Amino acid sequence: MLKIEHLRKHYTNFSLDCSLSVMPGCITGLVGQNGAGKSTTFKAVLGLIAADGGDITLLGKDIRTFTAADKENLGVVLSDSGFSGYLTIDDILPVLGSLYRQFDKTFFMEQVKKAGLPLCKQIREFSTGMRAKLKVLVAISHNARFLLLDEPTAGLDVIARDELLDLLREYMEADPERSILISSHISSDLESLCDDIYMIHEGRIVLHEETDVLLSDYALLKMSEEQYGALDKQYILRVKKETYGYSCLTNQKTFYMENYPDVAIENGSIDEVISMMIRGREELLQP
């Protein structure tokens, strides 16, 4: 569905060089700190900024050859965009009908009612959760084949987040060939939603893993300096010096459970893996 090969974009204080792919029927997560390059990647894919190099293939076509008809197959949520706050849902209905030939007004209105969104109230008076739901409803209401969602759950409470994620699951269940690329800094969203996850740091992809593998095989090893000195480090990805000794990230939890029963081993959440990949050091692994 989407293939990015060495997408490059250079600014004065930031350079992006990103490669990733999203397969048909999959939800792929892109995670990283603010300023890591997530939004820059999304905007380059959508042609909102000019790339300095690399190739982007979306829905089987080079994005440089994308037409207005091709773009109707995309559903987009960007963190810094949306409808004018002075419009109402009643106001935007004819706009959506004009933009998208496959806009499903019946489905849209059913979901608006289900979400409790007022038709005649100006969008600027909506809560953060209501505005987020409206953005996603617009993205999924015209039979889009591919969704690009940049931080769609940012600022939402737990209930609103769950409702929005349920919408995305229903969207995927309706057609097994659909796909989603979603960025989020809320790890629980990604753990429960995504098939695989890319981690971006300072404009570079530093990790790509299936979510199930990440949650089952990755772990944090906590140990003293003496234990660290005797450790087989072939499956250690990052190391961080702690007051008690060392914390190590591995993607081979079973190996260390079987061979080092005295070492404390904790399952690695996505947040912890992100922290270790960014703050941990590889040079400590050198003999």
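Leaving aside neighbours within four places in sequence, which residues is Cys248 in contact with? The legend to Figure 2 gives the list. The model shown throughout is predicted.

**Figure 1. The whole chain of the predicted model.** The chain has 287 residues, and buried residues make up 47% of them. Its secondary structure comes to 11 helices and 14 strands. Along the principal axes, the C-alpha atoms fill a box of roughly 70 × 40 × 35 Å. Take the contacts between residues at least 6 apart in sequence: 68% of these join residues at least 24 apart. The exposed surface is about 14100 Å². Carbon and sulfur atoms supply 48% of that surface. The chain carries 30 positive and 43 negative charges. The mean positions of the two sets are 6 Å apart.

**Figure 2. Cys248 in strand β13.** The strand spans residues 246-250. Cys248 has a relative accessible area of 0%, so it is buried. Sequence neighbours within four places are set aside in the contact list that follows. Cys248 is in contact with Ala219, Leu220, Leu221, Met223, Tyr228, Leu231, Ile236, Arg238, Val239 and Met276. Glu173 marks a distant reference point for the view. From Cys248 to Glu173 the C-alpha separation is 38 Å, with their positions 75 residues apart in sequence.

**Figure 3. The largest pocket and its lining.** The volume is about 1000 Å³. In all, 40 residues line this pocket. Those closest to its centre are Val76, Val77, Leu78, Ser81 and Gly82. Four helices and strands each supply at least two lining residues: α2 (68-71), β6 (74-77), α3 (89-99) and α5 (128-140). Which element gives the largest share of the lining? Helix α5 does, with eight residues.

**Figure 4. Leu46 in the loop between α1 and β4.** Helix α1 covers residues 38-45, and strand β4 covers 53-58. Is Leu46 buried or exposed? Its relative accessible area is 17%, so Leu46 counts as buried. Beyond its neighbours within four places in sequence, Leu46 is in contact with Leu74, Val76, Leu78 and Leu148. Val76 and Leu78 also appear among the residues closest to the centre of the largest pocket. Leu46 and Leu221 are 175 residues apart along the chain. Their C-alpha atoms are separated by 41 Å. Leu221 is also one of the contacts of Cys248.

**Figure 5. His201 in strand β9, and Glu202 after it.** Strand β9 spans residues 196-201, and His201 lies in it. His201 has a relative accessible area of 18%, so it is buried. Not counting residues up to four places away in sequence, His201 touches Gln33, Ala36, Val206 and Ile278. Glu202 sits in the loop between β9 and β10 (204-210). What is the phi of Glu202? The angle is near 50°, a positive value in a residue other than glycine. Glu202 is at 56% relative accessibility and therefore counts as exposed.

**Figure 6. Glu151 in the loop between β7 and α6.** Strand β7 runs over residues 146-150, and helix α6 over 158-174. Glu151 is not a glycine, yet its phi is positive, at about 50°. Is this residue, Glu151, buried or exposed? Its relative accessibility is 12%, so Glu151 counts as buried.

**Figure 7. Two exposed helix residues, Lys113 and Glu258.** Lys113 lies in helix α4, residues 105-115. Its relative accessible area is 73%, so Lys113 is exposed. Lys113 and Lys241 are 128 residues apart along the chain, and 53 Å separates their C-alpha atoms. Glu258 lies in helix α10, residues 253-259. At 62% relative accessibility, Glu258 therefore counts as exposed. How many residues apart in sequence are Glu258 and Lys121? They are 137 residues apart in sequence and 61 Å apart in space, C-alpha to C-alpha.

Definitions and conventions
Residues are numbered from 1 along each chain as its sequence is written. This is a predicted model: local features need pLDDT of at least 70, side-chain atom pairs count only at pLDDT 80 or more; totals for chains, interfaces and linings use all residues. Side-chain values use heavy atoms; hydrogens and water are left out. Buried means under 20% relative accessible area, exposed over 50%, partly exposed in between (1.4 Å probe, protein chains only). Contact means heavy atoms within 4.5 Å. Accessible areas come from the Shrake-Rupley method with a 1.4 Å probe; for residues, only the protein chains shown count as cover. Lys and Arg count as positive and Asp and Glu as negative; His and the chain ends are not counted. The place of a charge is taken as NZ of Lys, CZ of Arg, CG of Asp or CD of Glu. On a 1 Å grid over the protein atoms alone, a cavity is a set of points where a 1.4 Å probe fits but cannot get out, and a pocket is an open set with protein on both sides within 12 Å along at least five of seven lines; lining residues have an atom within 4 Å of a point. Grid points are joined across faces, edges and corners, and a volume is the space filled by probe spheres set on the points.
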